[in-house]
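Welcome! Please open the structure in your viewer and work through the exercises below at your own pace.

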Amino acid sequence: MTVRVRLAPSPTGNLHIGTARTAVFNWLYARHRGGKFILRIEDTDRERSRPEYTENILEGLQWLGLAWDEGPYFQSDRLDLYRQAIQTLLDKGLAYYCYCTPEELDALRSEQKAKGLAPRYDNRHRHLTPEEQAAFDAAGRIPVIRFKIEDDRQIEWQDLVRGRVSWQGADLGGDMVIARAAPRGEIGYPLYNLVVVVDDIAMGITDVIRGEDHIGNTPKQILLYEALGATPPNFAHTPLILNSAGQKLSKRDGVTSISDFRAMGYLAPALVNYMTLLGWSPPEGIGELFTLDLAAKHFSFERINKAGARFDWDKLNWLNRQYIQQLEPEELLAELIPLWQRAGYAFEEGSDRPWLLDLTQLLQPGLNTLKEAIDQGAVFFVPSVTFDAEAMAQLSQPQSATILTYLLEHLPSEPTLTVEMGQHLIQQATKAVGVKKGATMRSLRAALTGAVHGPDLMATWQILHQRGWDQPRLAAALKQVQTAS
C-alpha cells in the first residue's frame, strides 16, 4: 500500500510554526516511505478564512522546501461530498435532527456545572417522534444534525507515537453536531470532524500525523470512519511546541509564523532543520545539522518524543549561523540585497557589486541572522557616521588628534587600498606619534565607523576607501575632536 499523508491547515491565520513542524513530519514520513504528501486547505470556517492566509500558507511551505505531491484541495469546493455523507448517516439512523435552542443548551450546561459534572449534550432529541419534529418545525425552530455516540462504546487505537490510546464514548460530550442549522430536509454547513473524515476517506489517507492537541478529536473521527464504512487510518500525535515556561507556544510569545521567521532573517534550511529537532531525535552519527533529504532517510516515529518540545532561540540562532557560514558569498549576497534595499540603503547592484561582495564576506562570520546585516552594514551605505559614547571617549584621548592628522596626510591616493598598504600606514602612524599600535587602530576604527567594536578593521577600511569615504570620515572625526577640545 502506498503511504498517503496530508497537511490540512485552516486559512484563519498565517502559517504557524506548529503547523509547519507538522508539515515537516508529514513530508519526512512520506519521503521515507516513498509515499505521497497531500495539501488540503480546510476553509470551512467561513467567517475566519481569508485568501491572504491561504497565500501565506502556500508561500511558506514552498519557501521551506516542503513540496506537496497533490493539491491544494479546498474543502469549500467539496460541500456536496460532505452533504452526501451526512445524508448517508441520516439514512442509516446514525444521525438525527436536533432542535435544541442555544438557551436550552446554556441552561443544561449551567445545571451540569452546578452539580460538578463535565458539560455534555444529554442526547434529549435523539428519539424525537415525527409529530414532535413537526411541532418544532411549526414553532420555527431550525435543527442542527447530530451524530450518535454511544456512551458505553470504547474507542481504541495504536498511536504511532503514544502507543495504545483508549477513550470511552461517555467522555466525548454526547452526540456530536456534524452540520449547522438548516430547515429539516436540508443539510446545513458541514463541520470539522465530519469533513475531515470524508476527505481522508476520499483521498485514501493512510496515516494522519498531527499535533497532540487533536487527540480529543480522534475517537470521534474513528466512529465516523466506521459509520461511513471505512477503515480508520493510522494516527500519530506529535508533541506540542512549548515556550520557555512549558506552555503551548502562542502569538503571545511573539514570533510564531513562518513569514515572521523569514522576515527576521532565518534561512529556510536552518528553520526546517530546527523544526525537525523539535520533537524528533536523529540517530547517532547524523549530528544536528542535516538536510530534509537526509532526515527523511532516517525518519521514524520511534524517535519522536512524547513530551513537548521547548522552543530555544539560542539553538535556532546557532543553527542559522552554521547555515549562513556554509553559503557561498554570492549566495549570501543574493539574500542580503533585498534586505538592504528594504532598509532604504542606496546602491547599484551592478556597479557596486564588487564592494557589496566584499561587505558580504566581511559580515558573514558574525551573522546569526540575515537581518543583523542591516545594522552591521549600515556604516557602509551612508557617507557620514554618528559617534557612539565609546568612540567619542577614544577620539577624546590626547593622541587621537595627532593620529588622525597623520593618517589624513598620508592616505594613499590609489583607488584600491591593499592590506599591506593599510598595515604599513598604521605602523608608520604608530611610530610617528609614539603610541601603541592598539591606540592607532582604535582611533582609526572610531573615526571610520563611529564605534570601537566591529568586524575586521582592514577589510572595513578597504571597502570605505573603495567608496571614497575614508578621507571625509577621518576629517570629520578630527574636526569633532578639535571642536570638543
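A salt bridge is a side-chain nitrogen of Lys or Arg within 4 Å of a carboxyl oxygen of Asp or Glu. This is a predicted model, in which local features need pLDDT of at least 70 and side-chain atom pairs count only at pLDDT 80 or more, while totals for chains, interfaces and linings use all residues. Residues are numbered from 1 along each chain as its sequence is written, and side-chain values use heavy atoms, with hydrogens and water left out.

**Exercise 1. Salt bridges**

Find the salt-bridge partners of R120, E70 and K115, and say where the first two pairs sit in the chain.

*Solution.*

Step 1. R120 forms its salt bridge with D151, and the closest N and O atoms are 3.1 Å apart. R120 lies in the loop between α4 (102-114) and α5 (130-138), whereas D151 lies in the loop between β5 (144-147) and β6 (154-159), so the pair, 31 residues apart, links distant parts of the chain. Helices (H or I, at least four residues) and strands (E, at least two) are DSSP runs, numbered from the N terminus. For solvent exposure, buried means under 20% relative accessible area, exposed over 50%, and partly exposed in between (1.4 Å probe, protein chains only). D151 has 34% relative accessibility and therefore counts as partly exposed.

Step 2. E70 pairs with R4, with 2.9 Å between the closest N and O atoms. This pair also joins distant parts of the chain: E70 is in strand β3 (residues 70-74) and R4 in strand β1 (residues 4-7), 66 residues apart. E70 is partly exposed because its relative accessibility is 22%, and R4 is buried because its value is 17%.

Step 3. K115 meets E111 in a salt bridge of 3.2 Å, N to O. K115 is exposed at 57% relative accessibility, and E111 is partly exposed at 43%.

Step 4. Now zoom out: the whole structure has 22 salt bridges. R6, R40, E42, R78, D199 and D200 are linked in a network of them.

**Exercise 2. A covered helix**

How many residues of helix α6 are buried, and which elements do they pack against?

*Solution.*

Step 1. Helix α6 (residues 192-202) has eight of its eleven residues buried, so this helix is mostly covered.

Step 2. The buried residues are N193, L194, V195, V196, V197, V198, D199 and D200.

Step 3. They pack against β1, β2 (36-41), α3 (79-91), β8 (176-179), β9 (207-211) and α7 (218-227), where contact means heavy atoms within 4.5 Å.

Step 4. After α6 comes G204, with a positive phi near 65 degrees.

**Exercise 3. A pair of helices**

At what angle do α13 and α19 pack, and which residues meet?

*Solution.*

Step 1. Helix α13 (residues 353-363) and helix α19 (residues 457-467) pack at about 165 degrees, their axes 10 Å apart. Axes are lines fitted to C-alpha atoms, for helices over the stretch in contact, and angles run from 0 to 180 degrees between N-to-C directions.

Step 2. The two helices are therefore roughly antiparallel (under 35 degrees is roughly parallel, over 145 roughly antiparallel, 65 to 115 roughly perpendicular and the rest oblique).

Step 3. From α13, P354, W355, D358, L359 and L362 meet A459, T460, I463, Q466 and R467 of α19.
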